[in-house]
Amino acid sequence: MIIYIFLIYGSGSDDLHMLCRMIMNEWYLPAFGTLALSGASDWLDGFLARKMGINSVIGSYLDPLADKVLICCVAVAMVEKELLHPGLVGLVVARDFLLVGGAFYKRASSLGWKWNSWSDFCNLDAIQREKVQPLFISKVNTVFQLMLVAGALLQPEFGTEETQNYITY
């Protein structure tokens, strides 16, 4: 429960807080709808950015981070309600922490562990801007994680023992 409180209140996102509150109050269908809207808006944001040629460096850092925070917070709330296995969620959270930590380590070591501001760290002012480029497999993994969370949210209302086995495995 302490991890849940830290992730929700530490994230600073009212929408994420609302989604996790829905899960904690067992409002699974509205939570599913909110998650679907979140995923659709994330996809639309990326689609429009590509179509309009908006290619921001800070966006390349924040978009994958926001996806990871969303998945981790929702999954932790779902563990609290016994919708997902804690071991699975632990693996997801650990993987995401390792990815974010690895990206930070790689960038910091490339700067010799010296930078004056976060703008320098993200290389926002430089001519040769370094962007985060997620691998295709990471995007596929995020889609599967969203499908798992969505399926687990639908399980209490529409699920069967067989579908619960699929979610568990």
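Tutor: Before we look at how the helices pack, one definition is needed: a helix axis is a line fitted to the C-alpha atoms over the stretch in contact, and the angle between two axes runs from 0 to 180 degrees between their N-to-C directions. Please also keep in mind that this is a predicted model.

Student: What makes H7 roughly antiparallel to H8?

Tutor: The axes of H7 and helix H8, which covers residues 161-168, come within 10 Å and cross at roughly 150°. Angles over 145 degrees count as roughly antiparallel, and therefore H7 is described as roughly antiparallel to H8. The crossing of these two helices is left-handed.

Student: Which residues make the contact between H7 and H8?

Tutor: On the side of H7 they are Leu 148, Gly 151, Ala 152 and Gln 155, while H8 brings Thr 163, Gln 164 and Ile 167. Sorted by kind, the residues of this contact are 3 nonpolar, 4 polar and no charged.

Student: Why is H5 called roughly antiparallel to H7?

Tutor: The reasoning takes the same path, since the axes of H5 and H7 come within 13 Å and cross at roughly 150°. Set against the cut-off of 145 degrees, that angle makes H5 roughly antiparallel to H7. H5 passes H7 in a left-handed crossing. The contact is formed by Leu 88, Val 92, Arg 95 and Asp 96 from H5, together with Ser 138, Asn 141, Gln 145 and Leu 148 from H7. Here the division is 3 nonpolar, 3 polar and 2 charged.

Student: Gln 145 appears in that list, and how do you know whether Gln 145 is buried or exposed?

Tutor: Its relative accessible area is 11%, and buried means under 20%, so we conclude that Gln 145 is buried. Gln 145 sits in helix H7, and, leaving out residues up to four places away in sequence, Gln 145 touches Ile 71, Val 92, Arg 95 and Asp 96.

Student: Lys 68 has a charged side chain, so what makes Lys 68 count as buried?

Tutor: The word depends on the accessible area, and Lys 68, at 15% relative accessibility, counts as buried because the cut-off is 20%. Lys 68 belongs to helix H4, and, with residues up to four places away in sequence not counted, Lys 68 is in touch with Arg 95, Asp 96, Leu 99 and Val 100.

Student: Why does Cys 73 count as buried?

Tutor: Cys 73 has a relative accessibility of 1%, and therefore counts as buried, given the limit of 20%. Cys 73 lies in helix H4, which spans residues 57-80. The C-alpha atom of Cys 73 is separated by 9.9 Å from that of Val 89, a residue 16 places apart from Cys 73 along the chain.

Student: What makes Glu 26 partly exposed?

Tutor: Glu 26 has a relative accessible area of 46%, a value in between the limits of 20% and 50%, and so Glu 26 is called partly exposed. Glu 26 is found in the loop between H2 and H3, and has a positive phi of about 65° although Glu 26 is not a glycine.

Student: How do you know which label fits Trp 113, buried, partly exposed or exposed?

Tutor: With 46% relative accessibility, Trp 113 counts as partly exposed. Trp 113 is placed in the loop between H5 and helix H6, residues 118-122, and its phi is near 60°, a positive value in a residue other than glycine.

Student: How many residues does the largest nonpolar core have, and which of them have the most contacts inside it?

Tutor: This core has 26 residues, and those with the most contacts inside it are Ile 23, Leu 35, Val 74, Met 78, Leu 84, Val 149 and Leu 153. Helices H2, H3, H4, H5 and H7 each supply at least two residues of the core, and H4 gives the most, with 8 residues. As for Leu 84, its contacts, apart from neighbours within four places in sequence, include Ala 75, Val 89, Leu 148 and Ile 167.

Student: Finally, how many helices and strands are there in the protein chain?

Tutor: The chain has 8 helices and 0 strands, and buried residues make up 28% of its 169 residues.

How values were computed: Residues are numbered from 1 along each chain as its sequence is written. This is a predicted model: local features need pLDDT of at least 70, side-chain atom pairs count only at pLDDT 80 or more; totals for chains, interfaces and linings use all residues. Side-chain values use heavy atoms; hydrogens and water are left out. Helices (H or I, at least four residues) and strands (E, at least two) are DSSP runs, numbered from the N terminus. Buried means under 20% relative accessible area, exposed over 50%, partly exposed in between (1.4 Å probe, protein chains only). Contact means heavy atoms within 4.5 Å. A nonpolar core is a set of buried Ala, Val, Leu, Ile, Met, Phe, Trp, Tyr and Cys residues joined through side-chain atoms within 4.5 Å. Angles under 35 degrees count as roughly parallel, over 145 as roughly antiparallel, 65 to 115 as roughly perpendicular and the rest as oblique. A crossing is left-handed if the near helix is turned anticlockwise from the far one by less than a right angle, and right-handed if clockwise. Ala, Val, Leu, Ile, Met, Phe, Trp, Tyr, Cys and Pro count as nonpolar, Asp, Glu, Lys and Arg as charged, and the others, Gly among them, as polar.
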